[in-house]
Each structure stands twice: as structure tokens, then as C-alpha cells.
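Me: I am new to this structure and would like to know what stands behind the words used for it. Could you go through them with me?

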Amino acid sequence: MSVPLVSLRGVSRSYGSPPTVALSHVDFDIDRGEMLAIVGPSGSGKSTLLNLIGTLDRPSTGDIHIDGHDTGAMSDSELSALRAFAIGFVFQQYHLAEGVSAVDNVATGLLYSGVPASERRARAAIALDRVGLSARAHHRPQELSGGERQRVAIARAVVGEPALILADEPTGALDTRSGAAVVSILADLNASGTTVVVITHDHQVAERMPRQLGIRDGELVGDRRVGDLVGTAS
Ligand SMILES: Nc1ncnc2c1ncn2[C@@H]1O[C@H](COP(=O)(O)OP(=O)(O)O)[C@@H](O)[C@H]1O
Ligand SMILES: [Mg+2]
């Protein structure tokens with residue numbers, strides 16, 4: 001019961017040779033049900049860290065456990081399966097398929113989850129409703145605002161009901177108001193039990209999260225918990 005959802009121990013990641021150290025000796029745990037920001041300036045290692053937590057990349061040294069699984073001992077196909085069931089991703093630039101309706105974009109979030117094709121659209125419609133976009137289900141991305149596109153991307157990330165949502169600068173392409181709406185939706189998902197990690201360089205966004213991990217030059221520089229601010233700022 002008490003095993004953390006995410007656990008990093010001595011995690012480092014270098015690129016190239018001679019090596020550029022993007023992340024150096026990082027240790028922390030994330031418990032089920034948490035919502036936290038990983039905050040730091042551009043180039044500090046945030047995306048590197050998110051890719052490692054999301055098992056899209058492997059550390060140069062150190063251990064990462066996801067829900068008790070030692071990811072270093074898992075094959076690439078085992079990691080793909082873990083991702084399909086346990087992790088939803090949200091990116092700054094949405095990564096939606098152009099020319100495909102919102103509901104069908106969301107349904108692609110179920111492609112690798114074992115949900116039969118006949119059920120995917122119905123599940124996608126429910127996920128769009130969770131982000132307040134039922135009325136836009138048949139719109140294509142180019143017919144939606146930036147904030148609406150990001151809500152479609154969030155619906156796609158949660159349609160398979162993953163334990164963990166990882167969002168890399170989800171408000172980075174949005175105006176303040178749309179960004180605040182996106183943070184509120186992520187807070188609502190967290191309130192219903194999903195663990196949410198938001199990467200941001202924006203301190204105003206980070207301050208809406210109950211926990212903030214600071215990162216600078218590839219090192220953790222702070223781990224602050226502030227109580228129950230989430231959801232009160234919009
Ligand atoms: N694939 C890569 N190859 C080489 N260097 C990289 C690669 N990805 C990131 N880096 C370097 O690692 C550091 C951290 O990058 P990144 O994790 O993208 O930071 P952030 O997301 O905080 O802007 C930077 O110095 C960046 O140039
Ligand atoms: Mg980044």
C-alpha cells in the first residue's frame with residue numbers, strides 16, 4: 001500500500017560524448033494522489049526528468065521505480081505496456097492529429113490499452129465531457145483555440161484512466177486565462193484521484209500546486225509543500 005507511485009534514487013542522465021550532464025543524482029518520491037510542479041528555468045533538465053519518470057528514456061545511472069516496478073529491469077516492450085496502462089502524457093504543443101475530430105483524437109489514447117474499438121469513441125466522449133468540451137467533439141484541432149486543443153490533449157491523456165499524468169509545460173503556449181483553465185482541469189483530475197506532475201518554468205503556475213520541486217542545472221534545489229492551494233485561484 002505504502003509503495004510510492006514514483007521513486008527516483010541517484011538518477012543521473014548525460015547526453016553525448018564528451019558528456020553533457022542534464023540531470024545529476026536526483027532522489028525523490030511521488031505518492032499516489034499527489035499533485036506537484038517541477039519548476040526551473042529553460043535548460044535546467046525538466047524535460048529530461050519528465051521523460052525519465054515517463055519511462056520514455058532510461059537514466060545513465062540510478063534507479064527508477066514506477067508503482068513498485070524496477071524500470072531498469074524491464075524490457076522496452078514491458079515499459080510500453082506500463083506506459084499504456086499507467087501514464088498519460090500532455091505536451092506544450094498538444095501533439096494532436098490534424099484533420100481528425102476531437103473525439104477521435106481522444107480515442108487514440110486507448111489504442112494500446114486493450115479497450116475494444118467499439119468502446120473507444122464512447123469512452124472518448126466521456127473524457128471530453130470531463131474537460132468540458134462535449135460541444136466540440138466533432139471539431140478538428142484547427143477549429144479549436146489553443147486552450148481547447150490542450151483540453152483535448154488532456155482528455156486523450158486521461159481516457160485510459162492512468163494513475164499518473166505527466167504534463168510538460170502544458171500552459172507554455174497559452175494565454176494566462178486559458179492556462180489557468182488548464183491548471184484547473186488538472187486540479188480537478190487530481191481531486192478525483194489521479195496523480196499529476198506538471199513541469200513548468202512559470203512560477204505562477206507552480207504556485208497553484210500543493211508541492212513544488214525546484215530544479216536548476218540538473219540538480220534538485222528544493223522540495224516545498226504548501227498545503228491546499230489547488231483549485232482556489234481561478
Ligand atoms: N537529446 C539531447 N542531446 C543532447 N543534449 C540534450 C538533449 N536533451 C537535452 N539536452 C541538454 O540537457 C539539458 C537539459 O535539457 P532539458 O531537459 O530539455 O531542459 P528543460 O526542459 O528544463 O528546458 C540542456 O543543457 C539540454 O541542452
Ligand atoms: Mg523542456
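Reply: Happily; here are some terms, each set against its definition.

This is a predicted model, in which local features need pLDDT of at least 70 and side-chain atom pairs count only at pLDDT 80 or more, while totals for chains, interfaces and linings use all residues. Residues are numbered from 1 along each chain as its sequence is written, chains are lettered from A and ligands numbered from 1 in the order in which they are written, and side-chain values use heavy atoms, leaving out hydrogens and water.

Me: What makes a stretch a helix or a strand, and how many are there in the protein chain?

Reply: Both are DSSP runs numbered from the N terminus: helices are H or I with at least four residues, strands E with at least two. The protein chain has seven helices and ten strands.

Me: Why is the protein chain called as compact as a globular protein of that length?

Reply: The globule rule is 2.2 Å times the number of residues to the power 0.38, and the radius of gyration is taken over C-alpha atoms. For 234 residues the rule gives 17 Å and the chain has a radius of gyration of 17 Å, so the description fits.

Me: What makes strand S9 largely enclosed?

Reply: A residue is buried under 20% relative accessible area, exposed over 50% and partly exposed in between (1.4 Å probe, protein chains only). In S9 (residues 211-216), five of the six residues are buried, so the rest of the structure largely encloses this strand.

Me: How do you know that S9 pairs with S3 and S10?

Reply: Two strands pair if DSSP finds at least two bridges between them. S3 and S9 run parallel and are joined by four bridges, one partner pair being Ile38 and Leu213. Between S9 and S10 (residues 219-225) there are six bridges, in the antiparallel sense. S9 and S10 form a hairpin with two residues between them, and Asp217 in the turn has a positive phi of about 50°.

Me: What makes a set of residues a nonpolar core, and which residues touch the most other members of the largest one?

Reply: A nonpolar core is a set of buried Ala, Val, Leu, Ile, Met, Phe, Trp, Tyr and Cys residues joined through side-chain atoms within 4.5 Å. The largest has 40 residues, and Val106, Leu128, Val152, Ile154 and Leu186 touch the most other members. Apart from this core lies another, of 28 residues, including Val11 and Leu82.
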